[in-house]
Amino acid sequence: MDTKKLALQIRKHAVMMTCQGKSSHVASVLSMADIVAVLYGKIMNFRPHEPDWPDRDRFILSKGHAGAGVYAALAETGFIPVEWLEQHCKNGSKLCGHVSHIGIPGVEFSTGSLGHGLPIGAGMAYAGRKAAKKHRVFVILSDGECDEGSNWEAILFASHHHLSNLTVIVDYNKIQSLASVEETLRLEPFADKWRAFGWAVHEVDGHDHESLIQVLEFVPQDNGSPTCIVAHTIKGKGVSFMENAVLWHYRSPQGEEYKAAMKELENNNIA
Amino acid sequence: MRETFIKALTKIARRDRDVMLLTGDLGFGVLTQFAKELPDQYLNIGVAEQNMMGIATGLALEGKKVFAYSIGNFSTLRCLEQIRNDICYHNVSVKIVSIGGGFCYGPLGISHHATEDLAILRSLPHITVLAPGDTYETEKATHAAYEGNGPFYLRLGRGNEPLVHGTRPAFSLGVAIPLTEDRELTLISTGGILANVMRAHEILKDQGTYTSVYSMHTVKPIDTALIVRLAKTARIIFTVEEHTILGGLGGAVAEVLSGCEGFKPQLVRIGLQDQFSSEVGDQDYLRMLYGLSPEAIAACVQASIPQ
């Protein structure tokens, strides 16, 4: 699958979904759209018509507020009908704002409260390792989410148990809910923190598909370290007026803003 | 109860290699044999209860049946959101075990007194809440948690609880065990306070006051059929729990009674009032202070009978 086309589709769906559903977090989806597209379009093994296929790679979106991006990827890869996306956050819909598995094939795990996804992924990776399985476990964290102590409990655990089948990708867009990460609660030196906890760390441009594919294709040796990919991203990437603006963590694109955003995405093959 | 639990679980885990025991770095001397004999089924997560419940959920999603063990409030309140969102919402086979229900860890202080756990856990969807009354019930409850689907909460005592049942009682989830014949004054007990309730029953008998006693080992789902029957036949129902009187066994019984048309009996909830158990002393001392000694329970029953 062409990951750049997939990323563009995820972005367009996300703008449409957050507009129609009058919901938040569009910029959080735009930020990670390339990462999700590379995972679903190139890296991960799965079977849309057999969502519980035992050998599938596991994907957990720990930053559950960007659930629209996962629903969009599932629709584009054939897990769910594309028409479902139009119902996002509407009364009676299956698709709620924070990603939920109930009634949605392909959603591995429901999140929404931050700091939950990585311990789950670590448990799955531990089970996979013990059973000598070859599938991998991928978890996307947000940067603001790294304020949660539960992540650091799991970071210790994964390293202690050499869970090299576990890969974390941090969507490091450097803006959290109310202000920048730097102003709110400093993470730097961020990559060094992961290294100090015993992880293999790669820093990449989180919008550069070739770089993402290169680091994600590499499968660490058994009994090696878990991998953290610190993906430097731009919050709101692809819609100029949403980029690096705290406002678009919560604002829903309506009216002229919606039209302008869609036009930009259609005209600009950004990836 | 903890020794009984670990013996029963060891037997289960020998037969079923998908059973795993996780601990939050507690269980000194208690879990050692299990860890030695079944190292692939044992995992000390470290002092990290939120992560323990997440790992437990991840393992359960991959087909394991996980017992997650700690003491007091560490396996419940510390990681409550993981229990709610991860374990209960995903309805996975994680059995949460808490050692030291009520005042078991008396002198250690309120951080170690589990006195709100039943109320909080029973409000979560999908979970079954068990508080066995003695070691016989603990053995049966451990098997029930293993065999049952989805999440369980197993609230146990610590050690040296007396056997209350003379022989192994019949045990089914959600069905209270009668220990006496039926009387108009009915004592319903949950958890390890059962021994004191039976002693209160004996004290009252010596005073010429006859009561019946039930062990409500399953707090959720509560034995609705029993309570509906008692709503017609009992004069006073006393609930007894080593726990706040808010929202636990007493609350569960009150909820059922309030739905019974024209119910007759008065309900008296015996337990810790809405307060912290901040006095210092051992379990028996604290039970006495907070109205849960056999004598205090008996006195409460006598005082509740209209003269």
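User: What radius of gyration does chain A have, and what would a compact globule of 271 residues have?

Analyst: The model is predicted. A compact globule with 271 residues would have a radius of gyration near 18 Å, and chain A has 17 Å, which agrees. Along its principal axes, the C-alpha trace of chain A spans about 55 × 45 × 35 Å.

User: What percentage of the residues in chain A are buried?

Analyst: A residue is counted as buried if 20 or more other C-beta atoms lie within 10 Å of its own. In chain A, 53% of the 271 residues are buried. Contacts add to this picture: of those in chain A with a separation of 6 or more, 76% are between residues 24 or more positions apart.

User: How many helices and strands does chain A have?

Analyst: Chain A has 9 helices and 5 strands. Read along the sequence, they follow the pattern α-α-β-α-α-β-α-β-α-α-β-α-β-α.

User: Which helix of chain A gives the most to the side that touches chain B?

Analyst: In general, the size of an interface is often given as the accessible area lost when the parts come together. Here one may instead consider residues: the contact takes 18 residues from chain A and 21 residues from chain B. Helix 4 (117-130) and helix 5 (149-160) of chain A each supply at least two residues of the chain A side. Helix 4 of chain A gives the most, with 10 residues. By class, this side of chain A has 9 nonpolar, 7 polar and 2 charged residues.

User: Where do the domains of chain B lie in the sequence?

Analyst: The domain assignment gives domain 1 (2-156) and domain 2 (177-304) of chain B. Their C-alpha centres lie 26 Å apart. In the contact between them, 24 residues of domain 1 of chain B meet 33 residues of domain 2 of chain B. Helix 5 (117-122), strand 5 (128-130) and helix 6 (135-147) of chain B each supply at least two residues of the domain 1 side. That side divides into 12 nonpolar, 7 polar and 5 charged residues.

User: In what order do the strands of the open sheet in chain B stand?

Analyst: The order of the 5 strands is 7-9-8-11-12, and the pairing is mixed. Strand 7 (177-178) and strand 12 (266-272) of chain B stand at the edges with a single partner strand each, so one side of each has no neighbour in the sheet. Strand 8 (residues 185-190) and strand 11 (residues 236-244) of chain B pair in the parallel sense over 6 bridges. B:Leu187 has B:Phe238 in strand 11 of chain B as its bridge partner.

User: Which strands of chain B does helix 9 lie across?

Analyst: Helix 9 (residues 249-258) of chain B lies across strand 8, strand 11 and strand 12 of chain B, and runs at about 145° to strand 11 of chain B.

Notes
Residues numbered from 1 in each chain as written. Chains lettered and ligands numbered in written order. Predicted model: local features only at pLDDT ≥ 70, side-chain atom pairs only at ≥ 80, totals over all residues. Domains from an automatic or database assignment. Contact = placed C-beta atoms within 7 Å. Helix = DSSP H or I, 4+ residues; strand = E, 2+ residues; numbered from the N terminus. Nonpolar A, V, L, I, M, F, W, Y, C, P; charged D, E, K, R; others polar. Rg over C-alpha atoms; globule rule 2.2 N^0.38 Å. Buried ≥ 20, exposed ≤ 12 C-beta atoms within 10 Å, placed from the backbone. Pairing = 2+ DSSP bridges. Axes fitted to C-alpha atoms, helices over the stretch in contact; angles between N-to-C directions.
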